[in-house]
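The exercises below are meant to be worked through with the structure in view. Each opens with a task and continues with a solution in steps.

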Amino acid sequence: MSKCRKESKFDDCLYFTISRLFRIANKYAEDAFSDLEICPTHGYLMILLDEQRDGLSVSEIADKLAIAPSTVTRFVDKLTEKGLVEREKEGKKSYTKITKKGIAEMDSIFQAWQKINDKFIRKITNLPYLKGISKDMGQLADYLEEGEKFEIDFTI
């Protein structure tokens with residue numbers, strides 16, 4: 001615990017701890033993306049579309065990013081305005097694809113994500129710990145999302 005922070009009833013509250021961690025991580029991300037004209041979450045969407053050059057439907061994007069389809073639509077609208085992605089219709093289906101301009105921006109987006117990682121690494125120099133905690137938090141999110149009860153063995 002920080003020398004500045006006294007123990008609090010909030011210390012045992014998972015919701016408070018996750019929210020606090022999110023605010024810290026989000027600040028790192030906003031700082032890293034400050035030179036780009038997109039927000040960090042738009043960066044995630046761009047990376048996803050760069051990996052899936054054939055395009056993805058709104059529901060596929062929503063599933064992969066764990067956000068509501070209406071949020072995906074808003075993100076796609078903003079990125080379309082900037083010329084970074086485009087919508088293509090195939091019959092009744094619509095797909096979002098990254099544009100050539102979007103592909104050209106990917107180096108900057110990856111550099112911004114690296115800035116975020118670098119900030120974490122400067123603060124927490126134990127890389128195996130960082131990788132482990134990230135994996136554990138991802139598993140926790142998966143379990144909570146699925147609504148299943150689970151046990152984790154922390155035996156070392």
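**Exercise 1.** Decide whether Trp-113 is buried or exposed in this predicted model, and find the ring with which Trp-113 forms an edge-to-face aromatic pair.

*Solution.* Begin with the accessibility of Trp-113, which is 14% in relative terms, so that Trp-113 counts as buried, because the cut-off for buried is under 20% relative accessible area. Next, look for the partner ring: Phe-33 and Trp-113 form an aromatic pair with 5.1 Å from centre to centre and 70° between the planes, and this angle makes the pair edge-to-face, because planes over 60 degrees apart are counted that way. Then place the two residues along the chain, where Phe-33 sits in the loop between α1 and α2 while Trp-113 belongs to helix α5, so that the pair links distant parts of the chain, 80 residues apart. Phe-33 also counts as buried, with a relative accessibility of 3%. Finally, widen the view to the aromatic cluster, which Phe-33 and Trp-113 form together with Tyr-44.

**Exercise 2.** The structure holds three aromatic pairs; describe the one formed by Tyr-28 and Phe-120, and explain which parts of the chain this pair ties together.

*Solution.* Take the geometry to start with: the rings of Tyr-28 and Phe-120 are 4.9 Å apart, centre to centre, and their planes make an angle of 70°, an edge-to-face arrangement. Then consider the positions, since Tyr-28 lies in helix α1 and Phe-120 in helix α5, so the pair ties together parts that are 92 residues apart in sequence. As a last step, compare the accessibility of the partners: Tyr-28 counts as buried at 12% relative accessibility, whereas Phe-120 is partly exposed, with a relative accessible area of 23%.

**Exercise 3.** Work out which helices supply at least two residues each to the lining of the largest pocket, and which residues lie nearest the centre of this pocket.

*Solution.* The largest pocket has a volume of about 2,200 Å³, and its lining consists of 43 residues. Helices α1, α2, α3, α5 and α6 each supply at least two residues of this lining, and among the contributors α6 gives the most, with 13 residues. Nearest the centre of the pocket lie Leu-21, Phe-22, Ala-25, Phe-120 and Met-137. When the lining is sorted by character, 27 of its residues are nonpolar, seven are polar and nine are charged.

**Exercise 4.** Find the separation between the C-alpha atoms of Ile-18 and Met-137, and state where Ile-18 lies.

*Solution.* Ile-18 lies in helix α1 and is partly exposed, with a relative accessible area of 44%. Along the chain, Ile-18 and Met-137 are 119 residues apart, and yet their C-alpha atoms are separated by 9.9 Å.

**Exercise 5.** Locate Ser-57, and list what Ser-57 touches when residues up to four places away in sequence are not counted.

*Solution.* Ser-57 is found in the loop between α2 and α3, where a relative accessibility of 15% counts as buried. With those sequence neighbours set aside, Ser-57 touches Ser-94 and Tyr-95.

**Exercise 6.** Place these details in the protein as a whole by giving the order of its elements.

*Solution.* The protein has six helices and two strands, and from the N terminus on the elements run α-α-α-α-β-β-α-α. Of the 156 residues, 25% are buried. Among contacts between residues at least 6 apart in sequence, 49% join residues at least 24 apart.

Terms used:
Residues numbered from 1 in each chain as written. Predicted model: local features only at pLDDT ≥ 70, side-chain atom pairs only at ≥ 80, totals over all residues. Heavy atoms only, no water. 1 Å grid on protein atoms, 1.4 Å probe; cavity = no way out; pocket = protein on both sides within 12 Å on 5 of 7 lines; lining within 4 Å. Points joined across faces, edges and corners; volume = space filled by probe spheres on them. Helix = DSSP H or I, 4+ residues; strand = E, 2+ residues; numbered from the N terminus. Nonpolar A, V, L, I, M, F, W, Y, C, P; charged D, E, K, R; others polar. Phe/Tyr/Trp six-rings, centres within 6.5 Å; stacked < 30°, edge-to-face > 60°. Buried < 20%, exposed > 50% of the residue type's maximum accessible area, 1.4 Å probe, protein only. Contact = heavy atoms within 4.5 Å.
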